[in-house]
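Reader: Hi! Could you pick one small part of this model and walk me through it slowly? I'd like to see how a single contact fits into the rest.

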Amino acid sequence: MATCDVCGEYENLPYQCRRCGKTFCADHRLPENHNCPGLAEWDDPGGVFDSGFDDGVENRAGGGGGGEPAGVATRVKQRVERETSTGGVVSYFRGNVTYVLLAAMWITFAAQWAVTLLFGDAVHSQIFVLRSDALGNVWTWVTSVLSHSRFSLFHIIGNSIVLFFFGPLVERAVGSKRFLGFFFGAGILAGLGHVLFAVATNAPTVGVLGASGAGFAILGVLTVWRPNMEILLFFVVPMKLKYLTWGIALVSAFLVVSTGTGGVGGIAHLAHLIGFAVGLAFGKRNEALARSAGGPGGIQMGGARGPRGPGGPGGPGGRF
């Protein structure tokens, strides 16, 4: 479910314009109905307005018949549907990738327990944990982003809250495909950065898992776009987003520098910093998209005091 960027109505099967990338309800899905900026330069790539006259002339020449060319109306209808359709099953994920990722995290969490009970910790580590002594297990670069500590519900709950409240703000601005790539890209870079640091410093074998790097990247994006957005720390204490994110970043940097390790107390602080840096860079690079998404339900840029944002636990859970 998503909101229409024109009227703000909730839409179970939202449409995403291929030109401007915004999301619309059925009434505003056509470019002319949402005043699409690309309408003036649209060159009809799918041949929607091709009447099929040329094909009809060839058909009549070959068949000798008169009247409307056979199949012209059908072809035009198919092209219109192809250009403006919701995309079938794909439409359920369009604008809702945040919630798909959220579900994937909890399904993976259940799978972690199942694998552990059936095959033991060693197999679990081979499948779900990105380890400094097993970088060749490239599948763990991805699975580790969705995996979480089995012995701390706070880990997955904290990351879930960040993704649930803040993920849609970024996804709505940049689009579902780009958000999906950003989420995994940031998570993978954060995890790899942490374990490679351990390898470079000859530290003991370390393993990393969790969506904290990706979650902190999302917060980094919003730190650029909406630094003064008010959130509720632990759902109680009101504060501006920039104070939360920069505060956590400074604490993480201090711990990394003072200890000389990437993680302290089972938390991969270096991964947090890398994710935050990726988010800041991504946010800066895509500021124009954030501004263009400033309609109903979109991102409001700000140095000015904006509307109250979502409550949260004060950042993503730890990486273990």
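Author: Sure, let's start with one pair of side chains. In this predicted model, Asp121 and Arg150 form a salt bridge, and their closest N and O atoms are 3.0 Å apart. Now look at where the two partners sit. Asp121 belongs to helix H4, while Arg150 is in the loop between H5 and helix H6 (153-174), so this pair ties together parts that are 29 residues apart in sequence.

The two partners don't have equal access to the outside. Asp121 has a relative accessible area of 49%, so it counts as partly exposed. Arg150 has a relative accessibility of 14%, and because buried means under 20%, Arg150 counts as buried.

Next, follow the chain from Asp121 through its helix. H4 covers residues 121-128 and H5 covers residues 139-146; their axes come within 7 Å and cross at roughly 100 degrees. Angles of 65 to 115 degrees count as roughly perpendicular, so that is how H4 lies to H5. If you want to find the spot where they touch, look for Gln126, Ile127 and Phe128 on the H4 side, and for Trp139, Thr140, Thr143 and Ser144 on the H5 side. Sorted by class, this contact has three nonpolar residues, four polar ones and no charged ones.

Asp121 and Arg150 aren't alone, by the way: the structure holds three salt bridges. Another one joins the side chains of Arg131 and Asp133, at 3.1 Å from N to O. Both of these count as partly exposed, because Arg131 has 25% relative accessibility and Asp133 has 49%.

Then there's the pair Lys284 and Glu287, whose side chains meet in a salt bridge at 3.5 Å, N to O. Here Lys284 counts as exposed, at 55% relative accessibility, whereas Glu287 is buried, at 16%.

That last pair leads us to another neighbourhood. Val224, in helix H8 (residues 212-225), touches both Lys284 and Glu287, along with Leu280 and Gly283, leaving out residues up to four places away in sequence. Val224 also has Lys242 at 8.5 Å, C-alpha to C-alpha, with their positions 18 residues apart in sequence.

Leu280 turns up again in a second helix pair. Helix H9 (residues 241-259) packs with helix H10 (residues 269-285) at an angle of about 135 degrees, and their axes are 9 Å apart. That angle makes H9 oblique to H10. The crossing of H9 with H10 is left-handed. On the H9 side, the contact is made by Thr245, Trp246, Ala249, Ser252, Ala253, Leu255 and Val256; H10 brings His269, Leu270, His272, Leu273, Phe276 and Leu280. By class, that gives nine nonpolar, four polar and no charged residues.

Finally, zoom out to the whole chain. There are eleven helices and nine strands. Of its 320 residues, 46% count as buried, and Arg150 and Glu287 are each buried too. Taking contacts between residues at least 6 apart in sequence, 69% join residues at least 24 apart. To get back to where we began, find Asp121 in H4 and Arg150 in the loop between H5 and H6.

Key. Residues numbered from 1 in each chain as written. Predicted model: local features only at pLDDT ≥ 70, side-chain atom pairs only at ≥ 80, totals over all residues. Heavy atoms only, no water. Axes fitted to C-alpha atoms, helices over the stretch in contact; angles between N-to-C directions. Helix = DSSP H or I, 4+ residues; strand = E, 2+ residues; numbered from the N terminus. Parallel < 35°, antiparallel > 145°, perpendicular 65-115°, else oblique. Left-handed = near helix turned anticlockwise from the far one by under 90°. Contact = heavy atoms within 4.5 Å. Nonpolar A, V, L, I, M, F, W, Y, C, P; charged D, E, K, R; others polar. Salt bridge = Lys/Arg side-chain N within 4 Å of Asp/Glu carboxyl O. Buried < 20%, exposed > 50% of the residue type's maximum accessible area, 1.4 Å probe, protein only.
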